[in-house]
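Here is a short walk through one structure, starting from a single residue and working outwards. Have the model open as you read.

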Amino acid sequence: MSTTLPALLTLPEDAQTELAKAVATLEGPSFAARLAAIAGTPVEALKARLPEGIRDQLDHAVRRALEKAWSTAVGTEPRRTPFGMNVAWFHRGIAMASGAAGGALGLLGTLAELPLSTTILLRQIAAEAAEAGEDPKVAATAAECMAVFAIGSPNNSEDDVAETGYFAARIALAQMLPNAATSLVSGLVPGFLGAIAARFTGTVGLKLSAQAVPVIGAAAGAAINLAFLEHFRGVAKAHFTVRKLERVYGADRVRAAYDALRDGSSR
């Protein structure tokens, strides 16, 4: 790193290690590839697998799930669990149970439980924010928690956050909610919710497509939901790590180090 960036733009070794892990997550293998591996079906075949009737319901279901997750998860203590259980393992258990139920009940059952699984995701995302030193009860941080659904979802050429790259997605979302500290007090801003839903719908669609494989069963349904949770948990951890480093070392310095790490790993 020291040979590719001016000395003033390099980060201390421990910060550089943290950032490298975040870059590996944010620029690494896609969630779609992980699903294809679990289902044993190529991504393009997965996309074609979702029944038309489910596709027609998906956008509304995703928006409803995001709204429900927001009203349920935000404002609570995301690291509080029954009997003091480990937060990540508690959320993993619920995700796997709901995935197993979806595998047994079919796609309509999976669609019906989407608000629950989305709420669990948002609680885990908020727990990662708290771990990085942020307060999820603060509106601006809550908005960043919601933004993880878009940052961790595939690009869609028709949505408003279609530029590629982690920072491009962050900038586009920030422009849709410039006053997050006050705008979210009374609820989600429609344009912000729409931008998140446009991306998150694609990820949920892939998840449902994988579960539509005829032999998927309850066990694979649990594995898919676990992959779903782990993907967004990893993205949240990486996102809030970047934000933590920005608070300490400055946004420009972290961005320069991030770009150097990303470009170095792509060569």
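## Starting at Thr141

With a relative accessibility of 7%, Thr141 counts as buried. This is a predicted model, so keep that in mind throughout. Thr141 sits in helix 8, which covers residues 139-151. If you set aside residues up to four places away in sequence, Thr141 touches Ala129, Glu134, Asp135 and Pro136.

## The chain as a whole

Let's step back for a moment. The protein chain has 13 helices and zero strands, so reading along the sequence gives α-α-α-α-α-α-α-α-α-α-α-α-α. Of its 267 residues, 51% count as buried. What share of the contacts between residues at least 6 apart in sequence join residues at least 24 apart? In the protein chain that share is 80%.

## Helix 8 and its two partners

Back to helix 8, where two packing arrangements are worth a look. Take helix 7, residues 114-131, to begin with: helix 7 and helix 8 pack at an angle of about 125 degrees, and their axes are 9 Å apart. That angle makes helix 7 oblique to helix 8. Their crossing is right-handed. On the helix 7 side, the residues that meet helix 8 are Thr118, Leu121, Leu122, Ile125, Ala126 and Ala129; on the helix 8 side they are Thr141, Cys145, Met146, Val148 and Phe149. So Thr141, our starting point, is part of this contact. Sorted by class, the contact of helix 7 with helix 8 has nine nonpolar, two polar and no charged residues.

Then there is helix 9, residues 166-176. The axes of helix 8 and helix 9 come within 10 Å and cross at roughly 130 degrees. That makes helix 8 oblique to helix 9, and helix 8 passes helix 9 in a right-handed crossing. Here helix 8 contributes Ala147, Ala150 and Ile151, while helix 9 contributes Tyr166, Ala169, Arg170 and Leu173. By class, the contact of helix 8 with helix 9 has six nonpolar, no polar and one charged residues.

## Aromatic pairs

Tyr166 also leads on to the aromatic rings. How many aromatic pairs are there? The count comes to eight aromatic pairs. A pair of aromatic rings is described by the distance of the centres and the angle of the planes. Two of the pairs are set out below.

| Pair | Distance between ring centres | Angle between planes | Arrangement |
|---|---|---|---|
| Tyr166 and Tyr258 | 5.6 Å | 25 degrees | stacked |
| Phe200 and Phe228 | 6.1 Å | 15 degrees | stacked |

Why is the Tyr166 and Tyr258 pair stacked? Planes under 30 degrees apart count as stacked, and the planes of Tyr166 and Tyr258 are at 25 degrees, so the pair is stacked. The pair links distant parts of the chain, with Tyr166 in helix 9 and Tyr258 in helix 13 (residues 251-266), 92 residues apart. Are Tyr166 and Tyr258 buried or exposed? Both are buried.

For Phe200 and Phe228 the planes are at 15 degrees, so this pair is stacked too. Phe200 lies in helix 11 (residues 190-211) and Phe228 in helix 12 (residues 217-249), so the pair ties together parts that are 28 residues apart in sequence. Phe200 counts as buried at 0% relative accessibility, and Phe228 counts as buried at 2%. Phe200 and Phe228 also belong to one aromatic cluster with Phe149 and Phe232. Phe149 takes us back to helix 8, since Phe149 is among the residues that meet helix 7.

## Two partly exposed residues

To finish, here are two spots where residues distant in sequence come together in space. Ala198 is found in helix 11 and is partly exposed, with a relative accessible area of 25%. From C-alpha to C-alpha, Ala198 and Arg63 are 9.1 Å apart, and in sequence they are 135 residues apart.

Gln57 is found in helix 4, residues 52-73. At 38% relative accessibility, Gln57 counts as partly exposed. Which residues is Gln57 in contact with, leaving aside its neighbours within four places in sequence? They are Leu108 and Leu111. Gln57 and Leu108 are 51 residues apart in sequence and 9.8 Å apart in space, C-alpha to C-alpha.

Technical notes. Residues numbered from 1 in each chain as written. Predicted model: local features only at pLDDT ≥ 70, side-chain atom pairs only at ≥ 80, totals over all residues. Heavy atoms only, no water. Helix = DSSP H or I, 4+ residues; strand = E, 2+ residues; numbered from the N terminus. Buried < 20%, exposed > 50% of the residue type's maximum accessible area, 1.4 Å probe, protein only. Contact = heavy atoms within 4.5 Å. Axes fitted to C-alpha atoms, helices over the stretch in contact; angles between N-to-C directions. Parallel < 35°, antiparallel > 145°, perpendicular 65-115°, else oblique. Left-handed = near helix turned anticlockwise from the far one by under 90°. Nonpolar A, V, L, I, M, F, W, Y, C, P; charged D, E, K, R; others polar. Phe/Tyr/Trp six-rings, centres within 6.5 Å; stacked < 30°, edge-to-face > 60°.
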